[in-house]
Amino acid sequence: MAVFRIRRPEIGSISLSAAATLYLLLITNNSFWSHAVTSFGHAWIAVLSFGVALGLTTFSVLTMLSMKYLMKPLLVLLIAISAAASHFTETFGIVIDKEMIGNAAVTTGPEASHLLTGSLALHLALYALLPSLLIAWVKIKHRPFFSKAAINFLFVAPALLLSGMLIYANLAGIAYALREHRDLMVRFNPAGPITSAVRYGLSSYRERNLVVQPLGIDAKQGARIATAGKPVVVVVVAGETARAMNFSLNGYHRDTNPELEALGVVNYRDTTSCGTATAVSLPCMFSVYPRSEYSDWKARSTENLVNVLTHAGVSVTWWDNNTGSKGIADLISFASMTHQKNSPLCSNGECLDEIFLGDLDKKLAAMTKNSVIVLHQLGSHGPAYYLRYPEAFRRFTPDCRTPELMSCTTEEIVNAYDNTILYTDHVLASVAGLIEKHQDRIAGAMIYMSDHGESLGENGIYLHGAPYAIAPKEQTEVPFIAWFSKPYQAIMGVDTGCLAKDTDKPRSHDNLFHTVLGMMDVQTRVYNRALDAFAACTRPAERKQGAPGFHAADNAAPRRLSAVRQIW
Ligand SMILES: [Zn+2]
């Protein structure tokens, strides 16, 4: 019996490089091209020259790497990266920059699983698997080494030369567009995501040799707190993905804050975040550095708010219902709430934020020391908004019941998101309620700030993590709310009537560090009264302090972070 075989087609390595270049440029770079056109102000000749130059460069790189056993796996990998990146960019409008790689690297399994959707699988099958199978199938013709090198040179040299000439001829326009639109090249697949990953890897490597400088080791508790007669407790709620504009306290047309309104909280209407993603905002919130001076490296190489509090003898605890403290709580008591397998509030490794309340009740009942308790919420983290609130808070309907936001209407997405805010309203009011419940034993207060906001489809953008310079206000305007129990107001001299008149003044994450120090009456040279949001409405005590500004090194010996990490 005759066996018919389809002969595997043959293709030269240079032809395959050219075909792969065309595929990468034309199929996986839609977002890059549309942004390029706007970034260049529709100067078509410059866009076209730049595009051809990028194509020639990509072709040259692929050709130079077209070695016998390397070419197929490399092309498959590059196509897979490009296809995955283009899915996230085109679906959610997000950019795979260094910070986004960092977010991905520290995310939890359940959080990531919400992004691994059917539409991603379909997109990868069409745009990665199909071309990869084709590449695997064809036979690549490779010349002997020296003749291959010579032929490659004959193609690569003129391609690079032409690419250089095209860029040189349009240098002013290209340089301007790249300088003004720093997010443009990050969108270029696959070079953008690969560069981001390499940059993230390099900074992680640098971090291995990180030395943490002590901060505020002169810190001590002031007279008010030291002689309070009962433990002073501040609960810091670090919010997640809550945007200010969806809080009815800030004028939102829906009643998303019924419990906090009834409680009579102090609400700052004009507060901006330090970053647009947890991995940036959270360390920045607890850092002594204001946003203008902040960098990831500085934050990691200097102690933060929780350390200064510890130096002052304040007991600090971090409870986490999110993806961890990003290194902030490395030296203090830390507990993750997400592994409470038996709680009805938890499923699939994630818990509703009420998970804090039972333990908080017990802790406050047994409180003997002046303390700060940080509650790191899961808040409104998307895209699975519907998993962030229980049935009782499913008040705005129909709500989007899938992480595949594209299959929901805007109304359903906003409904689900508003339910998360409604639930956070309940969680915050419950925290205040617990502080009040134990107020014969403790003098407590609560301060809440979200780490960043969220885009819900405005201008086609979803989720968060946009580069700050181009981030929409949906991602950078965050809620900032405080509540003080009667015993706390009395002991610390807080005038809430005065505070209520001061709530339109612009505030930011820069305020958190100094405000919490002020709330705990901690005296140290690193405290800056001008950045303490409550200082103007707090009765002056015998607070003695040096000039604002801080001295990171002071006189304790720096520690190596690698050694520190082993402690917990
Ligand atoms: Zn976040």
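**View 1. Spacing of the zinc donors along the chain.** In this predicted model, the residues that hold the zinc ion follow the pattern E-x37-T-x172-D-H. The protein donors are Glu 240, which appears twice through OE atoms, Thr 278 through OG1, Asp 451 through OD and His 452 through NE2. They lie 1.9 to 2.8 Å from the zinc ion. Asp 451 and His 452 are both buried.

**View 2. The annotated transmembrane regions.** An unreviewed UniProt entry places the feature "transmembrane region" at residues 12–33, 39–62, 74–96, 116–138 and 150–178. Two of these spans are described here. Residues 12–33 are 86% helix and 5% strand. The end C-alpha atoms of that span lie 29 Å apart. Residues 74–96 are 83% helix and 0% strand. Here the end C-alpha atoms are 20 Å apart.

**View 3. The largest nonpolar core.** This core has 61 residues. Leu 360, Leu 364 and Leu 375 have the most contacts inside it. Helix α17, residues 410–437, gives the most to the core, with 14 residues. Domain 1 (10–205) and domain 2 (238–537) each supply at least three residues to this core.

**View 4. The surroundings of Leu 360.** Neighbours within four places in sequence are left aside here. Beyond them, Leu 360 is in contact with Val 235, Trp 319, Ile 373, Leu 375, Val 431 and Leu 434.

**View 5. Another nonpolar core.** Apart from the largest core lies another, of 57 residues. Among them are Ala 219, Cys 284, Val 314 and Ala 533.

Key:
Residues are numbered from 1 along each chain as its sequence is written. This is a predicted model: local features need pLDDT of at least 70, side-chain atom pairs count only at pLDDT 80 or more; totals for chains, interfaces and linings use all residues. Side-chain values use heavy atoms; hydrogens and water are left out. Donors are N, O and S atoms within 2.8 Å of the metal (3.2 Å for Na, K and Ca); water is not among the atoms, so sites may look incomplete. Buried means under 20% relative accessible area, exposed over 50%, partly exposed in between (1.4 Å probe, protein chains only). UniProt positions are given in the numbering used here, feature names are shortened, and annotations may be inferred rather than shown by experiment. Helices (H or I, at least four residues) and strands (E, at least two) are DSSP runs, numbered from the N terminus. A nonpolar core is a set of buried Ala, Val, Leu, Ile, Met, Phe, Trp, Tyr and Cys residues joined through side-chain atoms within 4.5 Å. Domain bounds come from an automatic or database domain assignment. Contact means heavy atoms within 4.5 Å.
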